[in-house]
6 protein chains.
Amino acid sequence: MRHDGRALDQLRPFSLEPGFIGSALGSVLVATGRTRVICTASREAKPPGWLTQGGWVTAEYAMLPGAVRPRGRREPDGRAKEIQRLIGRSLRAAIDLEKLVGPQGPVALTVDCDVIEADGGTRTAAITGGMVALALAVRALQREGVLTADPVRSLVAAVSVGVCPLPAAGAEAPMLDLAYVEDSQAVVDCNVVMLERGGLVEIQGTGERGGFDRPTLSRMLDLAESGIASLFAGQRAALAKVAEQARL
Amino acid sequence: MRHDGRALDQLRPFSLEPGFIGSALGSVLVATGRTRVICTASREAKPPGWLTQGGWVTAEYAMLPGAVRPRGRREPDGRAKEIQRLIGRSLRAAIDLEKLVGPQGPVALTVDCDVIEADGGTRTAAITGGMVALALAVRALQREGVLTADPVRSLVAAVSVGVCPLPAAGAEAPMLDLAYVEDSQAVVDCNVVMLERGGLVEIQGTGERGGFDRPTLSRMLDLAESGIASLFAGQRAALAKVAEQARL
Amino acid sequence: MRHDGRALDQLRPFSLEPGFIGSALGSVLVATGRTRVICTASREAKPPGWLTQGGWVTAEYAMLPGAVRPRGRREPDGRAKEIQRLIGRSLRAAIDLEKLVGPQGPVALTVDCDVIEADGGTRTAAITGGMVALALAVRALQREGVLTADPVRSLVAAVSVGVCPLPAAGAEAPMLDLAYVEDSQAVVDCNVVMLERGGLVEIQGTGERGGFDRPTLSRMLDLAESGIASLFAGQRAALAKVAEQARL
Amino acid sequence: MRHDGRALDQLRPFSLEPGFIGSALGSVLVATGRTRVICTASREAKPPGWLTQGGWVTAEYAMLPGAVRPRGRREPDGRAKEIQRLIGRSLRAAIDLEKLVGPQGPVALTVDCDVIEADGGTRTAAITGGMVALALAVRALQREGVLTADPVRSLVAAVSVGVCPLPAAGAEAPMLDLAYVEDSQAVVDCNVVMLERGGLVEIQGTGERGGFDRPTLSRMLDLAESGIASLFAGQRAALAKVAEQARL
Amino acid sequence: MRHDGRALDQLRPFSLEPGFIGSALGSVLVATGRTRVICTASREAKPPGWLTQGGWVTAEYAMLPGAVRPRGRREPDGRAKEIQRLIGRSLRAAIDLEKLVGPQGPVALTVDCDVIEADGGTRTAAITGGMVALALAVRALQREGVLTADPVRSLVAAVSVGVCPLPAAGAEAPMLDLAYVEDSQAVVDCNVVMLERGGLVEIQGTGERGGFDRPTLSRMLDLAESGIASLFAGQRAALAKVAEQARL
Amino acid sequence: MRHDGRALDQLRPFSLEPGFIGSALGSVLVATGRTRVICTASREAKPPGWLTQGGWVTAEYAMLPGAVRPRGRREPDGRAKEIQRLIGRSLRAAIDLEKLVGPQGPVALTVDCDVIEADGGTRTAAITGGMVALALAVRALQREGVLTADPVRSLVAAVSVGVCPLPAAGAEAPMLDLAYVEDSQAVVDCNVVMLERGGLVEIQGTGERGGFDRPTLSRMLDLAESGIASLFAGQRAALAKVAEQARL
């Protein structure tokens, strides 16, 4: 039994609250357990100067100082930079950048992922939530006529998996969706990003206290696949609900 | 009639959601109209080195990039620095810093005010909400035995007032609690901070399109006093509700 | 009696030395008591990129490290940023930006206010002196044909007022033009900026040790109005003298 | 056939030149194809302040501006930060930090990896070379009596693998040790870090143009394992040669 | 004849106004022609952490934005850093750092050189003026009992020399104390720093449009020696006058 | 006898390895004793915006952290900025910037000098090596047709000289090409840069422990001239060898 009673292959309670920031082009509050992230997708006034073909999607990731205890610092560090690069790559994998061009030219979107409460898995929650904010922004731009084609090729979602101690069992086991208390004791820690249509798009696994073998990797990927399938279902439901509300 | 149907002396819908960030020492989500700010109060591991007597309270203010449209930039600018200095001074006026010392020594608290949606009046909402987060953090430290005396001398709250065009009337009039659309056309713009016990603690008035006379200043202060009285009532109600829940 | 023998409503010795920096477009050394500020107004090679209509005036404020004891640091801090924003707003209130456009296009002026010795009231001295440097720069541009209309709508000047202890009297009293020793003990501290034609343009009042009431505010504004009237006279005299010398 | 005639499972010519920087505690010039990295391991005067137990190993990664064409910029960017975090984690996995403490206390080592010529695979070369510099520095500290135990638990080495186009075949195939021209066209890109005793320690795989499936991942890991086995042999040979020279 | 009628070996009008910043420990306004620099010498609260023996003297150099036309930028650049290193070295050559230690321990002084108007020769004026500010600060510390010995070994002063076009003569010639208009056309530019007791302490010569020969260097050094002799006389006179006033 | 057995007028072993960075436009590894510097010359994509006439050459100088012991810091400091300004000026003296313009317009070259091992004389080695990298880059641009004229007017080279203690003799003496152990004890330290055609182009002499007289300066210049003559020979030989290889 895990510290919070979950099964090894069980996600924490997961929710998506689309439109959480009313004034944003696309937005969502994503929660997985106590981890909560505000994701907003905004259109940049100008595409980046180096862009020569298609549109662009980038991401920024930050944590409010009050999201952790003891209080975090506001300045981005190397970890934040690394995470936002991962989020950006993951979201771009979901988008056909060639179609992110409309009658007025290329479109550049920035997806901001601001963690308001942190209990492990913030980067994967940011990807899963960021996808929804991005899809909502794209729809808004289609309604406004800024985009004519639909650039969303696939949903993208992410989850953490790891090998952590199971205190009751006096052993370690692979498990899905690590909370902070698990992550901080993990022997292996792995973030997995998948496309709804197309399999793995990012895998980042780290042996925190030595190496790990390929059967362990394989077991972690099984867990991740099953968890991400549920996240895709949650994303589809949230997007469908918004679409229905828009129709009414 | 104002753009949103309010009377000249009417606040926007105001709410406080204490405990919004469960892991924080003290927290609140404050909303005034569409303006929403997450306020968290955290204890610093160490008081600042220059502190020679009593404890300390400081504030940081930032706006999530997605809180405005077009998207804001993440780096703090001069405006943000100026605002957080105002918030810090206002909150310190509410606290007896000599009593912010406990058996383990002086206590330093940082109140983070992160605007998640901005529609005018973010700095005054941050002060009003920051006061609640601060009071909740102080109570928690009292429960933990870190503080023995109650350092809260008075509540502090703030509101904006201004002289703005009234399109329907073809005239300008002093009015309370400016929304962004009002603030951006204001002829005079004034932020007022008051102590529940003790009157004015900060007044910052600016003529945006030339000067203003003292009767206008006086009328704006009348409006501010009446609005802030309502905010004090809201703060007291929120704090009482939390206290009651803690007792149950 | 105040520490330096002044009456409560008495300014410190005030002087303006126009043309202090011979090579600058407009310049002045302003002194109020021991506080001295070099103000220079310079034309920027290019107006800021975001300017769409009219010209622009901005200000920078800094303190030489040797202006205070112990020595100050050279890097600008939040306080300096806040002060230069105040100076910039105050100077722009004096100028019709629409007329800051000449045959060659819009004109952008930067007024640098560098405090060489600090004894309280540096920001208000910078505004009062900056106005003179700005007016001299505008005249120079008119002579050079860069400007054809006169963009100066009104003089602007500023002074500090406050409620401070009167040691001899064992009481506190509102007083005009605080020296550092007064400012550092002030119970209320207020900076007032006025237009020669048009009344108040900025008021920033702070209760340093609790709140203050509206009659106190009113008494402080009386003092400020009377002090600023003398500063306007000093500005007019300095500008008239320069104009006369130019004629000779 | 690959662009340079290599087989799919063939490394580029690999060499290690230990002691390349004579004055450094430990150093090596590592070359894999045209990619060359100077790795030096230095002892910090003081361990980091937050260290409470054991010693510490950290890494810095940079590229000389002339290592790429067009010339790179000297300032580290997010990519460099991400890479040096990866190198640091990988090297720490090779070390028993508890044993990085000697009679004089904990020891902190910094491994600098400066790319002097870049043709793909710079981060993996930095890990493989950094391990050798680190081992040499540890030996030097043992000789000096600064360390008494041997903290090296295992060698660590790294290689890139990917799925890239094979122009001649009109197809894509998994291949080992990507040169820049391959990396820039890769469909999947994966960096693998392994411990000589203990299997995988880091795996970072990215689908650059959509997702990839688990059999592809498995094939890439086969290639990586075989390539890294050769790198371990190279590291052992270089260390043995230095040891022999020291004996003579 | 030079542009301003000076002989080749003639200094510009030179003056020192000691005590220009009344509140500073030591200060002077140095003027050479239109170049004017405020020099203040301040005692740092703490000596630098790396200091193991004796006291320390350092310098900072900056130019007010309004000192040049077009307006300069406030941020220090490489040139400013280079100049302040030169000033610091020169002033330290004048001081016996071993004697910059008093009953309370080592003393660290910072000499700030802020150029308020620039017309060539700002770095040499800063050295010559900085020496006077430093000597005045040392005397003040001796009066206060912070220092017991006199650490001033010698005066130090500096001047520029160069080879510049002489338009009237249609030729180039070595000349003393270059104004900006000369410096900007110089073929050779050389700054010379000398100790009253001890000869050359810094020489920095640059061929601006090709090389120069040793006889030219020798002629420039002759000019510099003669000019610096006059500067030493000015420094002695200024210091003597202050000493006399202190006695009265 | 010097610490390494050299005569007072003897250079350390000097070598140039042109083409050390195969992918760079021009490159060399320069070694003088244990001091080694990688110099690469690269063409900037765009000339600097302020350039109005001719091309441009600039330099950057840095030291790898592992080049010194204890380990250096990666961030450039004032010393590095000062050195790279010196290198840039020296290299520009060797070039006719008017001829650094080709059919496609002006050409901007950056010469990066990265010290990989430091034992004194790094800045002079950087100039001597940078000249070779620059000349090779210019030739490459001529071959590519980017330049049609040859902008190299002269070779430039540099060496350090100084007055240092001679322990065996119990005296100090002027000597050529200081190693670190000499430089750190030098009484006078002087860097001399000369043009093959045209004499001195930079001289920077510093009395490290008081002043020095003109005969000493003269003796140091004699030593520098003789040492630089050897460096010119080495540069010519290296360039000739590369030219010959290109012909074969």
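In this predicted model, chain E can be laid on chain F by a turn of 180° combined with a shift of 0.0 Å along the axis, and the RMSD of that superposition is 0.0 Å. Such a relation is that of a two-fold axis. Within chain E, the C-alpha that lies nearest the axis belongs to Q204(E), at 2.2 Å from it. The surface through which the two copies meet is the same on both, since 100% of the contact residues of chain E recur in chain F.

The overall form of a single chain was examined in chain A, whose secondary structure comes to four helices and 11 strands. The radius of gyration of chain A is 18 Å, close to the 18 Å that the globule rule gives for 248 residues, so chain A is as compact as a globular protein of that length. The C-alpha trace of chain A spans about 60 × 35 × 35 Å along its principal axes. Of the 248 residues in chain A, 58% are buried, that is, they have under 20% relative accessible area. When contacts in chain A between residues at least 6 apart in sequence are considered, 70% of them join residues that are at least 24 apart. The area that chain A exposes is about 9,700 Å², of which carbon and sulfur atoms supply 50%.

The arrangement of strands was followed in chain D, where five strands form an open sheet in the order β1-β2-β3-β7-β4, with mixed pairing. The edges of this sheet are occupied by β1 (14-18) and β4 (56-63) of chain D, each of which pairs on one side only. On average, and with direction ignored, neighbouring strands of the sheet are turned by 20° against each other. Strands of a sheet pair through backbone hydrogen bonds, in either the parallel or the antiparallel sense. In the case of β4(D) and β7 (residues 108-117) of chain D, the sense is parallel and the pairing extends over eight bridges. Within β7(D), D112(D) is the bridge partner of E60(D).

The sheet of chain D is also contacted by a helix, α2 (residues 122-143) of chain D, which packs on the sheet and touches β1, β2 (26-32), β3 (35-43), β4 and β7 of chain D. The direction of helix α2 of chain D makes about 35° with that of β3(D). The strands touched by this helix thus include both edge strands, β1 and β4 of chain D.

Definitions and conventions. Residues are numbered from 1 along each chain as its sequence is written. Chains are lettered from A and ligands numbered from 1 in the order in which they are written. This is a predicted model: local features need pLDDT of at least 70, side-chain atom pairs count only at pLDDT 80 or more; totals for chains, interfaces and linings use all residues. Side-chain values use heavy atoms; hydrogens and water are left out. Two strands pair if DSSP finds at least two bridges between them. Helices (H or I, at least four residues) and strands (E, at least two) are DSSP runs, numbered from the N terminus. Axes are lines fitted to C-alpha atoms, for helices over the stretch in contact, and angles run from 0 to 180 degrees between N-to-C directions. Contact means heavy atoms within 4.5 Å. Copies are superposed by least squares on the C-alpha atoms of residues with pLDDT of at least 70 in both. The radius of gyration is taken over C-alpha atoms; the globule rule is 2.2 Å times the number of residues to the power 0.38. Buried means under 20% relative accessible area, exposed over 50%, partly exposed in between (1.4 Å probe, protein chains only). Accessible areas come from the Shrake-Rupley method with a 1.4 Å probe; for residues, only the protein chains shown count as cover.
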